[in-house]
Amino acid sequence: MWWYLLKRLGLSVVIVLMAIAALFVMLHSIPGDPVSIALGPRATPEIQAAYAEKMHLDQPLAFQFLIFVGNVLQGDLGTDVFSNRSVGLTLSEQLPYTITLAVAALGWAIALGIPLGCLSAIWPNSWIDRVTGVLSVGTIAVPSFLVSIWAILIFAISLRWLPVLGAGDEGDIIDQLRHLILPAFAVGLGWVGYLARMVRASMLEVMGENYIRSARAFGLTSRMVVFRYALPVAVLPTITLIGVGFGGLLSGTVFAEIIFSRPGIGRIIYDMVLARNFPVVQGAVLVTIVLYVVVTLIADIIVSWLDPRVRDSL
Amino acid sequence: MTKITQTRRGFLQTAAIAGAAGLTGTFPGISWSAEGDTLTVRFDREMESLDPGFYVGGHPPNDVNWCIMPALVHFGMVDGQASWVPSPYVESVEVVDSTHIDFTLKQGLMWSNGFGEVTAEDVAYSYDRMTESEWKGDYVAYERTEVKDKYSGTIILNQPFAPFMNLTLASGTGIILCKKATEEAGGKYTIEPPATCGPYVMEHKQAQYVRLRPNPDWTGPLPAFANIDCIFVTDSEAGALAFEAGELDCAKITSTSYARYLKETPPGAALTVAGALQYMWMGINIENPKLSDIRVRKAIQRAVDIDSIVQGAYSGTAEPSYGIICPGLVGKRDAAGYSYDPAEGKALMDEAGVSGLNLTLRTLNSPERLLAAQIIQVNLAQIGVTVEIIPLDSGPFWEMGQESKGDTYKDMELWIMRFGAGPDPYEATQWFIRDQVGVWNWERWSSDEFEELYKQGIGETDQAKRHEVYVRMQEIMEETGGYVWLTHEPEVFIHRDDIDAKFAPSGEMQMAYFAPK
């Protein structure tokens with residue numbers, strides 16, 4: 001197990017370093033001069049030159065990359081070129097909102113999707129299975145931004161039950177929860193379908209295994225067979241899926257953060273890409289990459305703990 | 001629907017009005033509103049900096065600065081027209097002659113953080129500082145401020161500069177900083193002013209909100225709303241939905257939403273057009289070999305149906321444009337020197353001996369611009385020109401005509417462009433002088449007469465003569481065949497109809513002047 005952990009950690013470091021390099025190249029390959037975009041048509045050549053100097057844009061690309069990597073290794077994600085604030089500070093303010101949204105969205109999706117998948121597998125071709133199948137495909141197929149707008153129109157504009165803007169007042173948990181409901185619903189809805197389909201398929205496969213048949217032959221109750229012997233095995237690919245999904249949501253909640261005007265990492269990346277505020281974009285994407293790697297690492301460790309066979313597969 | 005118009009009030013004329021009326025600025029409220037009476041507005045982007053010398057400008061920094069920082073003058077209404085008025089921070093502001101402006105500050109206005117009273121020294125420091133700033137263009141005529149005593153002084157210009165009161169002092173770059181605090185902060189700041197003085201104090205949380213709360217040290221007149229919450233809502237449609245959900249009291253909206261709300265305004269809502277200080281045109285590269293014959297360019301001018309663009313792309317909400325000077329400003333033309341006449345355009349093409357012409361039309365990839373481009377594509381087909389539309393992201397779009405960014409400018413043929421303007425014609429014309437060829441003058445023409453008129457327009461204080469100057473400058477531009485005037489897009493806000501909302505001509509919210517009806 002320890003050797004597996006060591007190899008897995010080493011791989012994670014390599015992935016992060018490669019991602020940093022790829023990110024840097026991609027950001028600087030975006031068409032357009034960041035200076036003229038950021039400052040707009042009013043900017044004089046003097047203003048443009050000062051801005052370029054401030055952002056090190058007048059330096060060779062390789063030099064800019066070295067500056068960036070050196071700073072990252074020292075824990076310095078840079079400085080926002082407009083506000084002069086620390087990028088790390090900005091991101092530390094935004095990150096909790098994104099994590100909260102991702103956890104809430106995946107949380108309710110797991111709470112609903114896994115039981116639905118189990119029920120479908122336990123009673124295949126029953127009305128529960130058919131309804132779940134239709135709903136799963138439906139929720140996967142409907143784009144989340146459409147769900148967001150629909151939810152706003154129904155619950156915020158027509159019924160006025162739920163708020164639509166922001167993340168709620170600090171210190172007021174009830175208000176924050178009310179502000180979380182619609183975006184978490186919109187982000188998580190598709191995941192209900194994904195998880196139900198995944199668990200159903202895995203469960204059907206596991207339920208046909210010999211050891212399950214043996215368990216039944218020994219007279220174990222259906223509840224015990226399902227929850228003690230089938231589900232822990234069937235849920236393994238789902239754990240990996242949830243890990244990848246959670247990592248993806250760290251930047252993938254952007255649509256909900258924009259539509260619901262919630263603070264968050266996705267939204268700050270979106271805003272700063274438009275503003276060509278490179279230090280913030282680099283820092284934010286780097287943070288999401290690291291978190292993504294960490295989350296998938298945790299998922300892999302859980303899977304390897306539950307199923308020792310995967311320890312030899314790396 | 002309310003429509004705010006603005007005019008370039010006479011430099012001396014407005015002063016006379018203000019002086020005669022004994023006007024001094026005041027906020028509308030007589031006391032703070034009841035607890036919980038909060039104005040909630042939309043900010044469409046995050047603030048990069050509040051420092052008037054080094055900010056990106058416009059909305060939202062100006063909206064905030066006008067609530068927390070002193071200024072000698074603000075925008076207000078004089079004779080039903082938007083113009084400068086003395087601010088609540090002054091006893092008086094008087095334009096003595098074309099190069100001297102006297103002012104006297106109110107006493108007892110205190111800077112935050114223990115930096116003492118607002119003084120004439122602060123005024124002098126603030127304006128002197130602007131001449132070395134990134135916005136020194138606004139202070140091109142500023143010479144110095146002569147401090148008479150603690151509260152009064154005289155601003156001295158180095159030449160008559162007609163736009164000084166409206167373009168310089170009343171705009172966002174005219175705010176006053178605390179000399180001592182700014183110097184202690186190193187001479188500049190970003191989003192945390194080292195000292196403020198206004199009816200509100202600011203609390204800012206990045207990408208979330210700016211909260212304006214009562215300033216306990218403020219001794220001046222009180223605004224009607226005790227609290228203002230400015231929520232960052234970057235997506236325009238999300239802003240409109242939030243207004244409909246009752247979570248915003250005022251929000252800037254797009255032309256699309258404007259057209260929708262004109263047909264059916266939500267209950268309890270009102271629409272205000274805060275100005276149309278945007279000018280959009282189709283540019284033609286006169287140096288491109290395909291377009292070097294002026295008859296071809298004039299044919300293109302006559303082939304574009306502006307009414308179709310106004311209706312098709314803007315649902316009738318934009319105003320047709322006849323030049324670069326925006327509605328309500330001196331120099332605004334009543335008509336272009338050409339009109340939609342595809343038959344005449346075809347005849348010009350035949351006269352030039354040009355047929356089977358293929359051209360590219362570059363545009364930003366926004367829905368309105370793409371629709372306008374498609375209408376132009378159909379229009380030009382009538383005179384035998386085949387147009388290929390090239391939609392572009394803002395990155396490549398804003399650098400394509402700049403010589404310093406590569407050689408794309410040589411390949412440019414047609415493009416749809418829009419600039420924002422300040423409340424004076426001087427600002428719009430500055431981008432088309434000879435020095436701007438290859439910078440922002442992408443049509444790549446120049447004219448000695450235009451250069452001469454540009455200088456004349458800056459110093460001319462007679463409004464009738466100024467009008468003639470700027471009209472002639474637009475005629476010169478049009479005669480190059482490099483411009484097809486398109487529209488002036490309005491800045492539109494939707495707000496609660498029980499709120500008297502106030503806006504600057506340049507489209508920023510004057511939130512301290514908002515009041516319940």
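Biologist: How many salt bridges does the count give between chain B and chain A?

Modeller: The count between chain B and chain A is two salt bridges. This is a predicted model, in which local features need pLDDT of at least 70, side-chain atom pairs count only at pLDDT 80 or more, and totals for chains, interfaces and linings use all residues. Side-chain values use heavy atoms, with hydrogens and water left out.

Biologist: Why is the meeting of the side chains of A:Glu170 and B:Lys205 called a salt bridge?

Modeller: The term requires a side-chain nitrogen of Lys or Arg within 4 Å of a carboxyl oxygen of Asp or Glu. The side chains of A:Glu170 and B:Lys205 have an N to O distance of 3.1 Å, so the pair meets the definition.

Biologist: What makes a residue pair across the interface of chain B and chain A a polar contact?

Modeller: A pair of N or O atoms must lie within 3.5 Å; within protein, one must be able to donate a hydrogen and the other to accept it, and residues adjacent in sequence count only if both atoms are side-chain atoms. By that rule, 12 residue pairs, both at pLDDT 80 or more, are found across the interface of chain B and chain A.

Biologist: Which element gives the most to the side of chain B that touches chain A?

Modeller: H12(B) does, with five residues. Helices (H or I, at least four residues) are DSSP runs, numbered from the N terminus.

Biologist: How many residues does the contact take from each chain?

Modeller: With contact meaning heavy atoms within 4.5 Å, 39 residues come from chain B and 42 residues from chain A.

Biologist: What is the area that chain B and chain A bury between them?

Modeller: About 3,400 Å², 55% of it on carbon and sulfur atoms. Buried area is the accessible area (1.4 Å probe) that two parts lose on being put together, summed over both, so the value covers both chains. In chain B, the residues that lose the most area to chain A are B:Gln206, B:Leu241 and B:Glu247, together 17% of what that side buries.

Biologist: Which domains does the assignment give for chain B?

Modeller: Domain 1 (6–20 + 33–237 + 491–516) and domain 2 (278–488), with bounds from an automatic or database domain assignment. Their C-alpha centres lie 34 Å apart.

Biologist: How many salt bridges join domain 1 of chain B and domain 2 of chain B?

Modeller: The count there is zero, while one residue pair is in polar contact, both at pLDDT 80 or more. These two domains bury about 1,400 Å² between them, 60% of it on carbon and sulfur atoms.

Technical notes: Residues numbered from 1 in each chain as written. Chains lettered and ligands numbered in written order. Helix = DSSP H or I, 4+ residues; strand = E, 2+ residues; numbered from the N terminus.
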